[in-house]
Amino acid sequence: MARPRQSTGTERDRRPRGDPLRSVKEYSRPAAGKDSTNPNDLRPPAVLLKTVHYLIDDIAASPSLHPWTEVYSFVFDRLRGVKQDMIIQRVSGLDCVAILERTVRFLIYASYRLCGEPLRLYDPRINDTHLQENLSWLLDCYATGTEPHPNQEEFQALGLLYNLGSARATQHIMELPERLRSTPAIRLSLSINRAFLDRNPVRLLRLAQRLNFLQCCALHRHLVTCRRDLLLIFSHGYSSRNCRFPLDRLAQLLSLDASLTAQLCQAYGLEVNQGNQVVFSKAAFTEPEQGELHCKLYHNIVDEKQRDLTVYFRKPAGKSTVHQCSFILINAVPQKSFNKFCYLKETLWPVISLINF
């Protein structure tokens with residue numbers, strides 16, 4: 001298989017054809033008697049970087065390839081093959097960093113985009129394992145390399161947001177040089193991490209409004225826990241027979257709309273009366289059954305970051321191949337990019353976060 005299917009593919013033909021210029025080496029598990037170090041089968045670092053550019057720019061960010069679960073499966077497998085070649089050759093330096101940065105961005109976005117998909121199509125544990133491995137390798141490259149890394153602030157912050165509450169991740173950030181630790185993105189991620197550790201969900205959700213789209217993708221897996229803590233705290237603090245809490249105000253604190261807030265309250269056993277008021281009660285608060293609460297339904301705080309964003313295709317001066325181009329985010333989205341609910345059309349979602357700097 002050269003790439004995921006599209007409307008003009010040949011996968012239904014009796015003898016499907018593959019384009020040799022677009023075929024990408026798949027991941028192959030090590031096996032006894034198989035020589036995985038054959039130089040003829042290994043791609044040098046420069047070729048690996050071009051391969052990653054192709055996978056991200058042409059495949060993952062293409063609005064014409066569907067469904068995205070197949071796109072993810074294809075790109076994920078080929079990125080594993082890239083990583084395999086890197087490990088065998090002990091690739092290091094700027095090419096290694098560039099490959100890992102793009103891989104981490106893709107995996108973080110996939111963790112959000114495919115959240116809630118059936119396990120047969122997307123396994124979040126496998127995605128998390130590979131994301132953690134690539135992120136750890138990238139941070140180690142930052143620590144041991146002597147070259148300047150202009151994107152280090154971004155990925156140090158992403159690492160902490162993704163591993164919110166982790167003592168290891170927190171210690172790593174605190175051991176960074178003061179110059180790096182005091183940058184805006186890392187300071188914001190530290191504040192969010194502190195709010196998470198203090199179990200202060202109101203402050204956490206308020207600070208999360210200042211995150212960009214990809215940072216919200218990294219944070220999103222902690223939002224269920226955060227909102228649960230907020231409802232639990234309020235169930236104790238406002239547990240009174242005559243106390244009523246406005247649903248609209250609670251929705252604002254949870255960064256949800258009123259209907260989703262009401263659903264979330266009911267999932268935790270809390271009553272929402274006909275006057276759109278929440279009746280908090282520490283006795284009524286119950287944990288929902290496993291599988292009853294779907295994280296994907298409560299992505300509003302991430303979806304909001306897609307507003308006022310669009311993309312254009314930039315080809316730097318002197319660059320001739322598509323692998324050397326970049327997708328850039330800009331403001332002022334054309335009206336046709338929005339659906340009737342004023343959200344960015346789903347066909348543009350893959351492009352938004354897969355930014356190559």
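In the predicted model, five arginines, Arg187, Arg203, Arg206, Arg210 and Arg249, form a positive surface patch. One member of this patch, Arg206, is located in helix 9, which spans residues 201–208. The relative accessibility of Arg206 is 51%. Because the limit for the exposed class is set at over 50%, Arg206 is classed as exposed.

Charged side chains also occur in pairs. Side chains of opposite charge can pair when their charged atoms come close. Over the whole structure, 12 salt bridges are found. One of them is formed by the side chains of Asp128 and Arg221, with an N to O distance of 3.5 Å. This salt bridge connects distant parts of the chain, since Asp128 belongs to helix 4 and Arg221 to the loop between helix 10 and helix 11 (223–237), a separation of 93 residues. Both partners fall into the intermediate class of accessibility: Asp128 is partly exposed at 21% relative accessibility, and Arg221 is partly exposed with a relative accessible area of 35%. The value for Asp128 is 21%, and the buried class requires a value under 20%, so Asp128 is not assigned to that class.

A second salt bridge joins the side chains of Arg199 and Asp229, at 3.1 Å from N to O. Here too, distant parts of the chain are linked: Arg199 is placed in the loop between helix 8 (184–197) and helix 9, whereas Asp229 is part of helix 11, 30 residues apart. The two partners differ in their accessibility class, for Arg199 is partly exposed, with a relative accessible area of 43%, while Asp229 is buried, with a relative accessible area of 11%. Asp229 takes part in a further salt bridge, with Arg228, in which the closest N and O atoms are 3.2 Å apart. Arg228 has a relative accessible area of 22% and is therefore partly exposed. Through salt bridges with shared partners, Arg199, Arg228, Asp229 and Glu287 are united in one network.

Aromatic side chains provide another set of contacts. The structure contains 16 aromatic pairs. A pair of aromatic rings is described by the distance of the centres and the angle of the planes. For Tyr72 and Tyr122, the ring centres are 5.4 Å apart and the planes stand at 75 degrees, so this pair is edge-to-face. The assignment follows because plane angles over 60 degrees count as edge-to-face. The two tyrosines come from distant parts of the chain, 50 residues apart: Tyr72 is in helix 2 (residues 68–89), and Tyr122 is in the loop between helix 3 (94–113) and helix 4 (124–144). Both rings belong to buried residues, as the relative accessible area is 5% for Tyr72 and 4% for Tyr122. The pair also forms part of a cluster in which ring pairs link Trp68, Tyr72, Phe76, Phe106, Tyr109, Tyr112, Tyr122 and Phe213.

Another contact between separate parts of the chain involves Cys217, a residue of helix 10 (residues 213–219). With a relative accessibility of 0%, Cys217 is buried. The C-alpha atom of Cys217 is 7.4 Å from that of Ser111, although the two residues are 106 positions apart along the chain.

Particular backbone conformations were identified at several loop positions. His66 and Pro67 are joined by a cis peptide bond, with an omega of about -10 degrees. Pro67 is situated in the loop between helix 1 (45–60) and helix 2.

A positive phi, of about 60 degrees, is found at Ser255, which is not a glycine. Ser255 is located in the loop between helix 12 (247–254) and helix 13 (258–267). Despite this loop position, Ser255 is buried, its relative accessible area being 12%. Asn276, likewise a residue other than glycine, has a positive phi near 55 degrees. The position of Asn276 is in the loop between strand 2 (271–272) and strand 3 (277–279). In contrast to the buried Ser255, Asn276 is partly exposed, with a relative accessibility of 48%. The value of 48% does not pass the limit of over 50% for the exposed class, and Asn276 is therefore placed in the intermediate class.

Definitions and conventions:
Residues are numbered from 1 along each chain as its sequence is written. This is a predicted model: local features need pLDDT of at least 70, side-chain atom pairs count only at pLDDT 80 or more; totals for chains, interfaces and linings use all residues. Side-chain values use heavy atoms; hydrogens and water are left out. Patches are made of residues with over 30% relative accessible area and no salt bridge: like charges are joined within 9 Å, nonpolar side chains (Val, Leu, Ile, Met, Phe, Trp, Tyr) within 5 Å. Accessible areas come from the Shrake-Rupley method with a 1.4 Å probe; for residues, only the protein chains shown count as cover. A salt bridge is a side-chain nitrogen of Lys or Arg within 4 Å of a carboxyl oxygen of Asp or Glu. Lys and Arg count as positive and Asp and Glu as negative; His and the chain ends are not counted. The place of a charge is taken as NZ of Lys, CZ of Arg, CG of Asp or CD of Glu. Helices (H or I, at least four residues) and strands (E, at least two) are DSSP runs, numbered from the N terminus. Buried means under 20% relative accessible area, exposed over 50%, partly exposed in between (1.4 Å probe, protein chains only). Rings of Phe, Tyr and Trp (its six-membered ring) pair if their centres lie within 6.5 Å; planes under 30 degrees apart count as stacked, over 60 as edge-to-face and the rest as tilted.
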